[in-house]
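Let's go through a structure together and ask, at each step, what earns a feature its label. Have the sequence and the 3D view open as we talk.

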Amino acid sequence: MNENCHQTVTTPGQAINELESGKFCNLGKVLPIGSLEARKLSTNAVVFYWRLTIDGKTNRVSIGHYNSSAPPKSVKPTNNGFSIAAAKAAAAEMSAKHQANKDNGGYPALVAAESETKRRAVIREIRSCKTHASTTVK
């Protein structure tokens, strides 16, 4: 646990419960690269992040909200958020994608490429609708 976590805390759940508003807490390593962090917002909601360092810069990728009511061993998120185990699984998946795409810019570059692909698909769909509308309406 890092300096923002209480030193007497022994489990990630306890660390989250003791977390101060606006602070981050490291909940452990993620393999092959990075760590899982939690941050308590001013609303007392807790958000999980996958943290990694690229070229000396710290990056945090939002995973989602903590659901303290989720089954503790569930590795899938619920409609209300992530258990700690589900957040670890999501961070591990991001980490593996980063490692596999490391030569091309890692996870951030992969997300950017996926966003660009989706953007282009939307543009094609809009153009297709406009073309269809202009040929059927006279």
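The questions below go from the whole chain to its strands, its core and a few single residues.

Q: How do you know how far to trust these coordinates?
A: This is a predicted model, in which local features need pLDDT of at least 70, side-chain atom pairs count only at pLDDT 80 or more, and totals for chains, interfaces and linings use all residues. Residues are numbered from 1 along each chain as its sequence is written, and side-chain values use heavy atoms, with hydrogens and water left out. pLDDT is the predictor's confidence in each residue, from 0 to 100; the mean for the protein chain is 88, and 88% of its residues reach 70 or more. Among the elements, β2 has the highest mean pLDDT (98), while helix α3 (residues 106-136) has the lowest (80). Where pLDDT is low, the predicted coordinates should not be read in detail.

Q: What makes a stretch of the protein chain count as a helix or a strand, and how many of each are there?
A: Both are DSSP runs numbered from the N terminus: helices are H or I with at least four residues, strands are E with at least two. The protein chain has 3 helices and 4 strands, and along the sequence they follow the pattern α-β-β-β-β-α-α.

Q: How do you know which strands β2 pairs with?
A: Two strands pair if DSSP finds at least two bridges between them. There are 5 bridges joining β1 to β2 and 6 joining β2 to β3, so β2 meets the rule with both β1 and β3. The β1 and β2 strands run antiparallel, and so do β2 and β3. On the β1 side, C25 has A38 as its bridge partner and N26 stands opposite E37; on the β3 side, S35 stands opposite R51.

Q: What lies in the turns on either side of β2?
A: β1 and β2 form a hairpin with 5 residues between them, and G34 in that turn has a positive phi of about 105°. The hairpin of β2 and β3 also has 5 residues between its strands, with N44 in the turn.

Q: Why is β2 called mostly covered?
A: Buried means under 20% relative accessible area, exposed over 50%, and partly exposed in between (1.4 Å probe, protein chains only). In β2, 5 of its 6 residues are buried. For the protein chain, 30% of the 138 residues count as buried.

Q: What makes a group of residues a nonpolar core, and which members touch the most others here?
A: The members must be buried Ala, Val, Leu, Ile, Met, Phe, Trp, Tyr or Cys residues joined through side-chain atoms within 4.5 Å. The largest such core has 22 residues, and L27, L36, F48, W50 and I63 touch the most other members. Its largest share, 6 residues, comes from α2.

Q: Why is W50 with Y107 called an edge-to-face pair?
A: Rings of Phe, Tyr and Trp (its six-membered ring) pair if their centres lie within 6.5 Å; planes under 30 degrees apart count as stacked, over 60 as edge-to-face and the rest as tilted. The W50 and Y107 rings are 5.5 Å centre to centre with 85° between the planes, which fits edge-to-face. W50 lies in strand β3 and Y107 in helix α3, so the pair ties together parts that are 57 residues apart in sequence. W50 is buried at 0% relative accessible area, and Y107 counts as buried at 14%.

Q: Is H98 buried or exposed, and what does its side chain meet?
A: H98, in helix α2, has a relative accessible area of 4%, so H98 is buried. A polar atom of its side chain lies 2.9 Å from the backbone nitrogen of Y107. Contact means heavy atoms within 4.5 Å; leaving aside neighbours within four places in sequence, H98 is in contact with residues including W50, L52 and Y107.

Q: What makes N44, D55 and the bond from L31 to P32 worth a look?
A: Most residues other than glycine have a negative phi, and most peptide bonds are trans. N44, however, has a positive phi near 75°, and D55 one of about 50°. N44 counts as exposed at 54% relative accessibility, as does D55, in the loop between β3 and β4, at 78%. A cis peptide bond joins L31 and P32, with omega about 10°, and P32 is found in the loop between β1 and β2.

Notes. A polar contact is a pair of N or O atoms within 3.5 Å; within protein, one must be able to donate a hydrogen and the other to accept it, and residues adjacent in sequence count only if both atoms are side-chain atoms.
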